[in-house]
Amino acid sequence: MQDLRINEQRLWDTLMEMGEIGGTEKGGCNRLAGTDLDKQARDLFVSWCQAAGCDISIDKIGNIFARRPGKNNDLPAVGTGSHLDTQPTGGKFDGVFGVLSGVEVLRILHENNIETPTPMEFSVWTNEEGSRFQPAMQGSGTYVGRFDLEAELNKTDVNGIRLGDELERIGYLGDMELGSRNMGAFFEAHIEQGPILEDEKKAIGVVRLGQGIRWYNIEVIGRPSHSGTTPMHLRKDAMLASSLIVAEMQAIANRHENGLGTVGFMQVWPNSRNTIPGNVKFSADLRNPVPEVLLTMHEELVAFCEKVASDQDLEVKVDHFWYFAPVEFNASDDVKAATEKLGYSHMDIYAGAGHDACYMADLVPTGMIFTPCLNGISHNEAEYSSPAECAAGANVLLHTMLEASERIAKEHQ
């Protein structure tokens with residue numbers, strides 16, 4: 001087992017094959033949750049897992065679980081997985097690397113006839129990105145009980161299309177109960193999505209913490225009027241008020257250590273060159289790894305929105321629709337032990353983005369494995385992690401899962 005390694009070229013070829021589904025001219029991927037392209041990616045994953053001897057189950061929010069039997073199938077399984085959906089201008093690696101490194105682990109176990117002490121499970125989580133349907137990590141969050149199933153199935157995209165209808169249409173609305181998999185540990189491999197590992201020249205990041213996240217929908221309701229005939233002091237300019245809030249997002253982030261603030265989506269009405277905007281809707285995203293600091297950032301944003309509404313004599317609605325608390329990964333030592341056994345350089349790190357593993361940490365001991373990505377770029381068609389970097393992460397995943405399987409079997413003797 002000590003000398004067992006994944007097949008680097010096969011892993012890379014698998015990543016590139018999956019990347020062709022929804023591939024963009026600039027080398028990225030546009031594969032949104034619940035689309036025909038999502039179906040193609042899921043179908044390909046299922047076919048690969050079935051070819052390696054797995055049974056497939058699909059739950060009521062569309063999460064896929066491929067199970068490989070072990071020596072004692074009554075024992076809790078060791079799980080791994082991530083997501084196949086992407087951002088509209090996403091890359092080939094975010095999420096997909098975690099799924100396909102699991103497929104490569106599965107293939108290595110299968111072709112070497114390795115019988116693990118416990119079963120192994122390989123998963124694809126529904127709508128991790130939160131691009132088409134909100135919130136992010138929707139499948140894993142519903143699985144662990146953070147979200148209500150019916151409420152999430154009834155979520156709609158910007159065109160009013162319902163998630164549940166799309167999952168049924170593409171054949172991935174299953175009947176398995178949520179939270180019903182018998183797992184004893186869960187691990188997720190992922191590109192870092194940041195520049196730290198590359199800057200520190202480390203092959204592996206041992207993820208200790210997951211960033212806390214607060215998401216908002218903000219609506220500013222002013223009054224549309226003629227841009228040439230309405231004096232400045234008589235305007236109720238929804239865009240001006242929105243701009244003040246957007247600028248304050250940056251100020252809030254800069255006031256707090258490790259604070260982050262982003263506005264990435266905006267709709268303007270009536271969106272005409274010579275009409276003062278009467279309604280603006282936009283997203284807001286605040287992040288911090290310390291719960292108390294993130295709460296302070298939240299309070300500052302709400303207070304500022306109230307002040308803008310008063311000062312500008314218009315209405316500001318703040319819908320704080322998603323809070324994701326900072327996470328401690330309590331199976332990180334398993335990842336570190338496998339990394340050191342394999343001789344890879346490594347460092348402790350925290351996850352700046354949300355991941356499905358963050359929700360799985362509610363249920364079972366969980367760990368994450370980060371690999372570097374070029375210039376720290378992610379959610380971008382230029383996203384890139386080299387074949388060697390991907391192989392290192394997959395090798396750590398392989399040995400982490402093997403060690404966890406041995407540990408769980410001993411604990412149940």
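Of the 413 residues of the protein, 54% count as buried. The model is a predicted one. It contains 12 helices and 16 strands. The radius of gyration is 23 Å, which agrees with the value near 22 Å for a compact globule with 413 residues.

**Overall dimensions and surface**

- The C-alpha trace of the protein spans about 80 × 45 × 40 Å along its principal axes.
- About 17,000 Å² of the protein is exposed, and carbon and sulfur atoms supply 48% of that area.
- Counting contacts between residues at least 6 apart in sequence, 80% join residues at least 24 apart.
- The protein has 35 positive and 60 negative charges, and the mean positions of the two sets are 2 Å apart.

**Salt bridges**

- Side chains of opposite charge can pair when their charged atoms come close.
- The count of salt bridges in the protein comes to 24.
- One of them joins the side chains of Glu177 and Lys60, with an N to O distance of 2.6 Å. This pair links distant parts of the chain, 117 residues apart: Glu177 belongs to the loop between helix 6 (163–169) and strand 5 (183–191), and Lys60 to the loop between strand 1 (55–58) and strand 2 (64–68).
- Glu177 has a relative accessible area of 46% and is partly exposed. Lys60, at 26% relative accessibility, is also partly exposed.
- Glu121 and Arg181 form another salt bridge, their closest N and O atoms lying 2.7 Å apart. Here too distant parts of the chain are linked, with Glu121 in strand 4 (residues 120–124) and Arg181 in the loop between helix 6 and strand 5, 60 residues apart.
- Glu121 counts as buried because its relative accessibility is 2%, under the 20% limit. Arg181 counts as buried at 16% relative accessibility.
- Asp285 and Arg287 meet through their side chains in a salt bridge of 2.8 Å, N to O. Asp285 is buried, with a relative accessible area of 13%, and Arg287 is buried with 15%.
- Asp36, Arg132, Asp157, Glu166 and Arg169 are joined into one network by salt bridges that share partners.

**Surroundings of Thr35**

- Thr35 is placed in the loop between helix 1 (8–19) and helix 2 (36–51).
- At 18% relative accessibility, Thr35 counts as buried, because the limit for that class is under 20%.
- Leaving aside neighbours within four places in sequence, Thr35 is in contact with Arg132, Arg169 and Ile170. Arg132 and Arg169 are also members of the salt-bridge network that includes Asp36.

**Surroundings of Gly352**

- Gly352 sits in the loop between strand 15 (346–351) and helix 11 (356–360).
- Its relative accessible area is 30%, and Gly352 is partly exposed.
- Not counting residues up to four places away in sequence, Gly352 touches Gln211 and Arg287. Arg287 is the salt-bridge partner of Asp285 described above.
- Gly352 and Asp85 are 267 residues apart along the chain, and their C-alpha atoms are separated by 19 Å.

**Surroundings of Ile408**

- Ile408 is part of helix 12 (residues 387–411).
- With 2% relative accessibility, Ile408 counts as buried.
- Ile408 touches Pro76, Val78, Thr118, Gly184 and Ala185, not counting residues up to four places away in sequence.
- The C-alpha atoms of Ile408 and Asp55 are separated by 22 Å, and the two residues are 353 residues apart along the chain.

**Backbone geometry**

- The peptide bond from Gln134 to Pro135 is cis, with omega near 10 degrees. Pro135 lies in the loop between strand 4 and helix 4 (138–143).
- Met137 is in the loop between strand 4 and helix 4. Although Met137 is not a glycine, it has a positive phi of about 50 degrees. At 1% relative accessibility, Met137 counts as buried.
- Trp269 and Pro270 are joined by a cis peptide bond, with omega about 5 degrees. Pro270 is found in the loop between strand 10 (266–269) and strand 11 (275–276).
- Asp313 is not a glycine but has a positive phi of about 55 degrees. Asp313 is in the loop between helix 9 (291–312) and strand 13 (315–324).

How values were computed:
Residues are numbered from 1 along each chain as its sequence is written. This is a predicted model: local features need pLDDT of at least 70, side-chain atom pairs count only at pLDDT 80 or more; totals for chains, interfaces and linings use all residues. Side-chain values use heavy atoms; hydrogens and water are left out. Helices (H or I, at least four residues) and strands (E, at least two) are DSSP runs, numbered from the N terminus. The radius of gyration is taken over C-alpha atoms; the globule rule is 2.2 Å times the number of residues to the power 0.38. Buried means under 20% relative accessible area, exposed over 50%, partly exposed in between (1.4 Å probe, protein chains only). Contact means heavy atoms within 4.5 Å. Accessible areas come from the Shrake-Rupley method with a 1.4 Å probe; for residues, only the protein chains shown count as cover. Lys and Arg count as positive and Asp and Glu as negative; His and the chain ends are not counted. The place of a charge is taken as NZ of Lys, CZ of Arg, CG of Asp or CD of Glu. A salt bridge is a side-chain nitrogen of Lys or Arg within 4 Å of a carboxyl oxygen of Asp or Glu.
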